[in-house]
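Reader: I should like to examine how the descriptive terms applied to this structure are justified. Please show the model, and then let us take the terms in turn.

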Amino acid sequence: MIVCICNNVNSDTITEAMESGANTLHHIREQTGASACCGKCQFKVNRMLNDFEQTDVMPSACSGEG
(Lines give C-alpha, C1' and ligand atoms only; values in the text may rest on other atoms or scores of the structure.)
Protein backbone atom coordinates (compact mmCIF):
# COMPACT_ATOMS: atom_id res chain seq x y z
CA MET A 1 0.00 0.00 0.00
CA ILE A 2 1.31 3.46 -0.88
CA VAL A 3 1.67 5.55 2.28
CA CYS A 4 3.43 8.63 0.87
CA ILE A 5 1.96 9.61 -2.49
CA CYS A 6 4.35 12.52 -3.00
CA ASN A 7 7.45 10.32 -2.87
CA ASN A 8 5.83 7.00 -3.84
CA VAL A 9 6.81 5.25 -0.59
CA ASN A 10 4.92 2.08 0.25
CA SER A 11 4.26 0.42 3.58
CA ASP A 12 6.79 -2.35 2.90
CA THR A 13 9.57 0.22 2.51
CA ILE A 14 8.60 1.87 5.79
CA THR A 15 8.40 -1.50 7.56
CA GLU A 16 11.86 -2.41 6.28
CA ALA A 17 13.21 0.88 7.61
CA MET A 18 11.67 0.20 11.03
CA GLU A 19 13.13 -3.32 11.05
CA SER A 20 16.51 -1.73 10.30
CA GLY A 21 16.23 0.51 13.36
CA ALA A 22 14.30 3.59 12.24
CA ASN A 23 12.15 4.37 15.28
CA THR A 24 11.06 7.98 14.77
CA LEU A 25 9.31 9.93 12.04
CA HIS A 26 12.59 11.77 11.43
CA HIS A 27 14.45 8.49 10.85
CA ILE A 28 11.71 7.19 8.53
CA ARG A 29 11.83 10.46 6.60
CA GLU A 30 15.63 10.26 6.24
CA GLN A 31 15.65 6.62 5.13
CA THR A 32 12.59 6.50 2.89
CA GLY A 33 11.57 10.04 1.97
CA ALA A 34 8.09 9.48 3.40
CA SER A 35 6.57 12.65 4.89
CA ALA A 36 9.34 14.80 3.43
CA CYS A 37 7.09 16.78 1.09
CA CYS A 38 3.56 17.79 2.07
CA GLY A 39 3.45 15.89 5.40
CA LYS A 40 -0.07 14.51 5.00
CA CYS A 41 1.19 10.95 5.46
CA GLN A 42 2.98 11.65 8.76
CA PHE A 43 -0.06 10.47 10.73
CA LYS A 44 -0.05 7.12 8.91
CA VAL A 45 3.72 6.79 9.40
CA ASN A 46 3.36 7.55 13.12
CA ARG A 47 0.58 4.97 13.39
CA MET A 48 2.83 2.41 11.69
CA LEU A 49 5.64 3.28 14.12
CA ASN A 50 3.33 2.85 17.12
CA ASP A 51 1.97 -0.45 15.82
CA PHE A 52 5.48 -1.71 15.11
CA GLU A 53 6.65 -0.68 18.56
CA GLN A 54 3.76 -2.52 20.20
CA THR A 55 4.29 -5.72 18.23
CA ASP A 56 8.04 -5.51 18.87
CA VAL A 57 7.43 -5.40 22.65
CA MET A 58 4.85 -8.18 22.78
CA PRO A 59 7.10 -11.24 22.28
CA SER A 60 9.51 -10.33 25.10
CA ALA A 61 6.60 -9.52 27.43
CA CYS A 62 5.01 -12.90 26.73
CA SER A 63 8.25 -14.82 27.17
CA GLY A 64 8.85 -13.37 30.61
CA GLU A 65 11.82 -11.28 29.52
CA GLY A 66 12.04 -7.54 30.14
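Author: The model shown is predicted. A suitable starting point is Ser 35, which has a relative accessibility of 5% and counts as buried.

Reader: What makes Ser 35 count as buried?

Author: The term buried requires under 20% relative accessible area. Ser 35 has 5%, so the residue falls under that cut-off. Ser 35 is located in the loop between H2 and helix H3 (42–62). Leaving aside neighbours within four places in sequence, its contacts are Cys 4, Leu 25, Arg 29, Cys 41 and Gln 42.

Reader: What is notable about the phi of Ser 35?

Author: Phi of Ser 35 is near 70°, a positive value in a residue other than glycine. Most residues other than glycine have a negative phi.

Reader: Which other residue that is not glycine has a positive phi, and is that residue buried or exposed?

Author: Asn 8 has a phi near 55°, which is positive although the residue is not glycine. This residue belongs to the loop between strand S1 (2–4) and strand S2 (9–10). The term exposed requires over 50% relative accessible area; Asn 8 has 56%, and therefore counts as exposed.

Reader: Where does Gly 33 lie, and what is its phi?

Author: Gly 33 comes just after H2 and takes a positive phi of about 90°.

Reader: How do you know that the buried residues of H2 line one face of the helix?

Author: Helix H2 comprises residues 25–32, and its buried residues are Leu 25, Ile 28 and Thr 32. Viewed down the axis of H2, these buried residues fall within an arc of 60°, so they line one face.

Reader: How is the packing of H1 against H2 described?

Author: Two packed helices are described by the angle between their axes and the distance between the axes. For helix H1 (residues 11–19) and H2, the axes come within 10 Å and cross at roughly 115°. The crossing of H1 past H2 is right-handed. On the H1 side the contact is made by Thr 13, Ile 14, Ala 17 and Met 18, and on the H2 side by Ile 28, Gln 31 and Thr 32.

Reader: What is the make-up of the contact of H1 with H2 in nonpolar, polar and charged residues?

Author: The contact divides into four nonpolar residues, three polar residues and no charged residues.

Reader: Why is Ser 11 called buried?

Author: Ser 11 has a relative accessibility of 15%. The cut-off is under 20%, so Ser 11 counts as buried. Ser 11 lies in helix H1 and, apart from neighbours within four places in sequence, is in contact with Met 1, Val 3 and Met 48.

Reader: Which residues have the most contacts inside the largest nonpolar core, and which elements give two or more residues to this core?

Author: The largest nonpolar core has 14 residues, and those with the most contacts inside it are Val 3, Ile 14, Met 18, Ile 28, Ala 34 and Val 45. Two or more residues are given to this core by each of S1, H1, H2 and H3. Val 45 touches Val 3, Ile 14, Leu 25, Ile 28 and Ala 34, with residues up to four places away in sequence not counted.

Reader: What is the overall arrangement of elements, and how many helices and strands are there?

Author: The protein has three helices and two strands, in the order β-β-α-α-α from the N terminus on. Of its 66 residues, 29% count as buried. Among contacts between residues at least 6 apart in sequence, 44% join residues at least 24 apart.

Key. Residues numbered from 1 in each chain as written. Predicted model: local features only at pLDDT ≥ 70, side-chain atom pairs only at ≥ 80, totals over all residues. Heavy atoms only, no water. Buried < 20%, exposed > 50% of the residue type's maximum accessible area, 1.4 Å probe, protein only. Helix = DSSP H or I, 4+ residues; strand = E, 2+ residues; numbered from the N terminus. Arc of directions from axis to C-beta. Contact = heavy atoms within 4.5 Å. Axes fitted to C-alpha atoms, helices over the stretch in contact; angles between N-to-C directions. Left-handed = near helix turned anticlockwise from the far one by under 90°. Nonpolar A, V, L, I, M, F, W, Y, C, P; charged D, E, K, R; others polar. Core = buried A, V, L, I, M, F, W, Y, C linked by side-chain atoms within 4.5 Å.
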